[in-house]
Structures are given as C-alpha cells and as structure tokens.
Amino acid sequence: HNPTGRVWRRSELEHLANIVRRHADEITAVCSDEVWSGLVFDDTKTPFVSLAELAFSANYTDLLDRLVILTSPSKTYNVAALDFAFAVIPNDSLRRRYFRVGRDQAECTPLGLAAAEAILVNDQHNSSECRRRDILTPHNGKCEPWRRELVQFLQANRDYTIDFIHNHCAPDVYVAAIPEASYLIWLDCNGLGLSNPAAYFRDQFYLGLSDGDPFFGKVQSGFCRFNFACPRPVLEDGLSRLAAAVESV
C-alpha cells in the first residue's frame, strides 16, 4: 500500500477478486502495481501475494481476463535510471488494447535489458518454487542473495528510524504506520502545527522529506515521507536534523 508500506493480505485480495466477479459487467480491468514486491521485510508473517498468483489459482481464473500487473526492478535493485519496466497481461485481447492506448512504449536500453536479465533470470526455470515466488525474487536468481541482504539492512534501518522517532520526535511527529515493505516511512507531522512541515524541514534544517500533498492531495496535508534507504551515518544525521526541527518549533 502506498504510502503506508502495508502488505495486502491474501484474504483481502480474495475479497477484491470477489468484488470484481460480482461486478464483471462493469469492471474491464484490474491493475496491480507490484513494484515494491521485492522489498517485503518478513515474508513469513506478511508474505507478498501477487494478483497473478491468485488469478492462476483454481478459484479465481476468471480474474485473468481483466488482470494487468505493472512492475519493475527499479525499486528493489536501484536501477531506475536504466528505465526498465514491464506489464504482465495474460489476456490477449486486453493486452492488445493496452498497446493501442499506451503512450510510453519506448525501447528499453541495452543496459536496461542486461540488468533485467541479471535480476529476473532464474537458474531453475522449471522448479515449482520458481512458480510460487514473486517475479522480482526468482528462486536461485543471480541477484537473490544480494536482495536478501538488502532487505535485512533496510529492516534494521527501519527499526532504528522508528525507535528514534518514538523517543525523540513524538508526539509532535510520529510514525503513522509501520511499513511492512519498501524503504519509506509515512510520518504524521500535524502535531507541529505547521502548514507545510516538509518546507520547514527543508528550508530551516536542510532535510529533504517528501511532502504528502503532491502525492495524495489535501487529505494527507501535514504528512511527510521519510526515506531510510541510506548508509547508517547518513540516516543518523537525517534523524538528528528531524529531532532538532521538532524541538525548534
């Protein structure tokens, strides 16, 4: 879930699939953005379930006719500059419609293709484990050991960030939701009483947080997004600036 980083449960996706089934005459497509699927912190408690996995199960094959999955290795593997993303559309008719209306159909760069191959190719293409896993975390994939180390590093940074904010910034700034995936924390800064806390952090303390308004509108006014995907010394410096900003209000 964007912006909280919550992982949707299988039961919730099944509920969504049942809604689509009940309103099949009105819903022509179900689009699932799964770009963060490779950065789930605890895949035993909150495993990522792709809508494709659900659709290929015996109970929800009718979802395949409406399914569009958008994803990219850009978030998990930090290759956004290589400009590589793709859509998975099982239904041929829907896929043709997608191509007819799509405007972003530029060719992928050779480096983008090379990165995608290194990330996505599985050493055991026919294994049942491969078919069960998310496309960004291929079983025995060349980059899978690195990804697992990254997730551990990010989880440690997440926990450090949450503890620091709880001890040094709350209640004026607090973690609105503990992220179960991604490297972003959604902060409620309304306790500061500022009309634009992101601008205050930036202009007075040189701390760049993403303002909630441009992403999610006025309903998220007073919220900011904090990125903890950085070396620990950089994270410590950023959090110290945040605490100083809170204390100075």
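**Helix packing and salt bridges in the predicted model**

Helix α8 spans residues 197-205, and its buried residues are Pro197, Ala198, Ala199, Tyr200, Phe201 and Phe205. The model looked at here is a predicted one. Among the elements that cover the buried part of α8 are two strands, β6 (210-211) and β7 (223-227), along with helix α10. Just past α8 comes Tyr206, and its phi is positive, at a value near 55°.

Stepping back to the whole chain, there are ten helices and seven strands to keep track of. The chain has 249 residues, and 43% of them count as buried. Looking at contacts with a separation of 6 or more, 63% are between residues 24 or more positions apart.

Helix α10 turns up again in a pairing with α7. Two packed helices are described by the angle between their axes and the distance between the axes. For α7 (residues 144-168) and α10 (residues 232-248), the axes come within 11 Å and cross at roughly 20°. That angle makes α7 roughly parallel to α10, since angles under 35 degrees count that way. As for handedness, the crossing of α7 past α10 is right-handed. On the α7 side, the contact is made by Phe153, Ala156, Asn157, Tyr160, Thr161, Phe164, Ile165 and His168. Helix α10 brings Arg232, Leu235, Glu236, Leu239, Ser240, Leu242 and Ala243 to this contact. Sorted by class, the residues where α7 meets α10 are nine nonpolar, four polar and two charged. The spacing of such residues has a simple background: an α-helix has 3.6 residues a turn, so residues three or four places apart point the same way.

Next come the charged pairs. Side chains of opposite charge can pair when their charged atoms come close. The count for this model comes to twelve salt bridges. One of them joins Glu12 to Arg6, with 3.0 Å between the closest N and O atoms. Glu12 is partly exposed, at 28% relative accessible area, and Arg6 is likewise partly exposed, at 31%.

Another salt bridge links Asp159 with Arg158, and here the closest N and O atoms are 2.9 Å apart. Asp159 counts as partly exposed, with a relative accessibility of 32%, whereas Arg158 is buried, at 11%. Arg158 gets that label because buried means under 20% relative accessible area.

Arg202 and Asp203 form a salt bridge too, with the closest N and O atoms 2.9 Å apart. Arg202 counts as partly exposed at 47% relative accessibility, and Asp203 is partly exposed as well, with a relative accessible area of 44%. Elsewhere, salt bridges with shared partners tie Arg10, Glu14 and Glu53 into one network.

One last spot is Ala118, which sits in helix α5 (residues 110-120). Ala118 is partly exposed, at 27% relative accessible area. Although Lys142 lies 24 residues away from Ala118 along the chain, the C-alpha atoms of the two are separated by 6.3 Å. Once neighbours within four places in sequence are set aside, the contacts of Ala118 are with Lys142 and Cys143.

Methods
Residues numbered from 1 in each chain as written. Predicted model: local features only at pLDDT ≥ 70, side-chain atom pairs only at ≥ 80, totals over all residues. Heavy atoms only, no water. Axes fitted to C-alpha atoms, helices over the stretch in contact; angles between N-to-C directions. Helix = DSSP H or I, 4+ residues; strand = E, 2+ residues; numbered from the N terminus. Parallel < 35°, antiparallel > 145°, perpendicular 65-115°, else oblique. Left-handed = near helix turned anticlockwise from the far one by under 90°. Contact = heavy atoms within 4.5 Å. Nonpolar A, V, L, I, M, F, W, Y, C, P; charged D, E, K, R; others polar. Salt bridge = Lys/Arg side-chain N within 4 Å of Asp/Glu carboxyl O. Buried < 20%, exposed > 50% of the residue type's maximum accessible area, 1.4 Å probe, protein only.
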